[in-house]
Amino acid sequence: MAIALAEARAAAGASEVPVGAVAVVGGRVVAARHNEREGAGDPTAHAEILTLRDAAAELGGWRLSDVTLIVTLEPCPMCAGALVAARVGRVVYGASDPRAGACGTLYNLCADPRLNHELEVSGGVRAAECGTLLSTFFSEKRADRADSAATSEPNGGA
């Protein structure tokens with residue numbers, strides 16, 4: 001999770017939502033990425049998707065059954081669907097996502113017997129640290145927007 005958190009911090013530094021992900025096989029990191037939606041202009045450029053792409057390239061195939069994906073925020077439906085499609089063996093996440101979590105909080109795509117694959121899910125790893133990173137990022141964004149709105153009003157918002 002330390003590597004995923006470092007990736008999340010790098011995302012925040014690039015004005016991206018601070019989510020980081022790491023793909024591990026047998027204790028070896030095979031890929032690590034962070035969100036790049038803003039920079040890439042790509043709605044699918046979530047940390048998990050980018051990490052899965054890099055892991056598949058590194059491992060030479062799309063079936064990632066030996067991979068454990070470690071991510072700072074519970075995957076959304078798109079990312080959870082990609083985990084299932086890639087046959088990932090396990091996902092470990094930090095903070096739960098009550099708005100879009102698809103690994104047990106809002107939905108549970110990773111353990112749906114109607115799908116062709118189920119994977120092990122472990123949540124809450126360093127959850128407070130992961131959650132604080134996200135809440136701080138969004139608090140700062142809201143403060144920046146408020147400051148920007150105040151300075152764009154006549155008389156500086158006074």
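The following questions and answers go through the fold, the sheet and the largest pocket of a predicted model.

Biologist: What should I know about numbering and confidence limits before reading the model?
Modeller: Residues are numbered from 1 along each chain as its sequence is written, and side-chain values use heavy atoms, with hydrogens and water left out. The model is predicted, so that local features need pLDDT of at least 70, side-chain atom pairs count only at pLDDT 80 or more, and totals for chains, interfaces and linings use all residues.

Biologist: In what order do the elements of the protein run?
Modeller: The secondary structure comes to five helices and five strands. Helices (H or I, at least four residues) and strands (E, at least two) are DSSP runs, numbered from the N terminus. From that end, the order is α-β-β-α-α-β-α-β-β-α.

Biologist: What share of the residues of the protein is buried?
Modeller: Buried means under 20% relative accessible area, exposed over 50%, and partly exposed in between, with a 1.4 Å probe and protein chains only. The C-alpha trace spans about 60 × 30 × 25 Å along its principal axes. Of the 158 residues, the buried share is 41%.

Biologist: Which residue of β2 is the bridge partner of Ala21?
Modeller: Two strands pair if DSSP finds at least two bridges between them. Strand β1 (residues 20-25) is joined to strand β2 (residues 28-34) by six bridges, and the two run antiparallel. Their hairpin has two residues between the strands, and Gly26 there takes a positive phi near 55°. In β2, the partner of Ala21 is Arg33.

Biologist: On the β3 side, which residue stands opposite Ala21?
Modeller: β1 also runs antiparallel to β3, with four bridges joining them. Val24 of β1 stands opposite Thr68 in this pairing. Opposite Ala21 in β3 is Val71.

Biologist: And in β4, what is the bridge partner of Val71?
Modeller: β3 and β4 run parallel, joined by five bridges. β3 is mostly covered, with six of its six residues buried, and in β4 five of six are buried. The partner of Val71 in β4 is Tyr93.

Biologist: What is the handedness of the β-α-β unit made by β3, α4 and β4?
Modeller: A crossover is right-handed if, with the strands pointing away from the viewer, the path from the first strand over the helix to the second runs clockwise. For β3, α4 and β4 the unit is right-handed.

Biologist: Against which elements do the buried residues of α4 pack?
Modeller: Helix α4 (residues 77-85) has Cys79, Ala80, Ala82, Leu83 and Val84 as its buried residues. Just after the helix, Arg87 takes a positive phi of about 60°. The buried residues of α4 pack against α3 (47-59), β3 (68-73) and β4 (90-95).

Biologist: Which residue of β5 stands opposite Arg90?
Modeller: β4 pairs with strand β5 (residues 120-122) in the parallel sense, over three bridges. Opposite Arg90 in β5 is Glu120.

Biologist: Why does Gly94 count as buried?
Modeller: Gly94 is found in strand β4. Contact means heavy atoms within 4.5 Å, and residues touched by Gly94, not counting those up to four places away in sequence, include Met1, Val71, Gly123 and Cys130. Its C-alpha atom is separated by 4.5 Å from that of Val125, 31 residues apart along the chain. Gly94 counts as buried because its relative accessibility is 0%.

Biologist: Why does Thr72 count as buried too?
Modeller: Thr72 lies in strand β3. Not counting residues up to four places away in sequence, Thr72 touches Met1, Ala4, Pro18 and Gly94, among others. Thr72 counts as buried because its relative accessibility is 1%.

Biologist: Which residues lie closest to the centre of the largest pocket?
Modeller: On a 1 Å grid over the protein atoms alone, a cavity is a set of points where a 1.4 Å probe fits but cannot get out, whereas a pocket is an open set with protein on both sides within 12 Å along at least five of seven lines; lining residues have an atom within 4 Å of a point. Grid points are joined across faces, edges and corners, and a volume is the space filled by probe spheres set on the points. The largest pocket has a volume of about 510 Å³. Of the 21 residues that line the largest pocket, the closest to its centre are Val17, Leu73, Asp97, Leu134 and Phe138.

Biologist: Which helix gives the largest share of that lining?
Modeller: By class, the lining of the largest pocket has 10 nonpolar, five polar and six charged residues. Ala, Val, Leu, Ile, Met, Phe, Trp, Tyr, Cys and Pro count as nonpolar, Asp, Glu, Lys and Arg as charged, and the others, Gly among them, as polar. The largest share, five residues, comes from helix α5 (residues 127-152).
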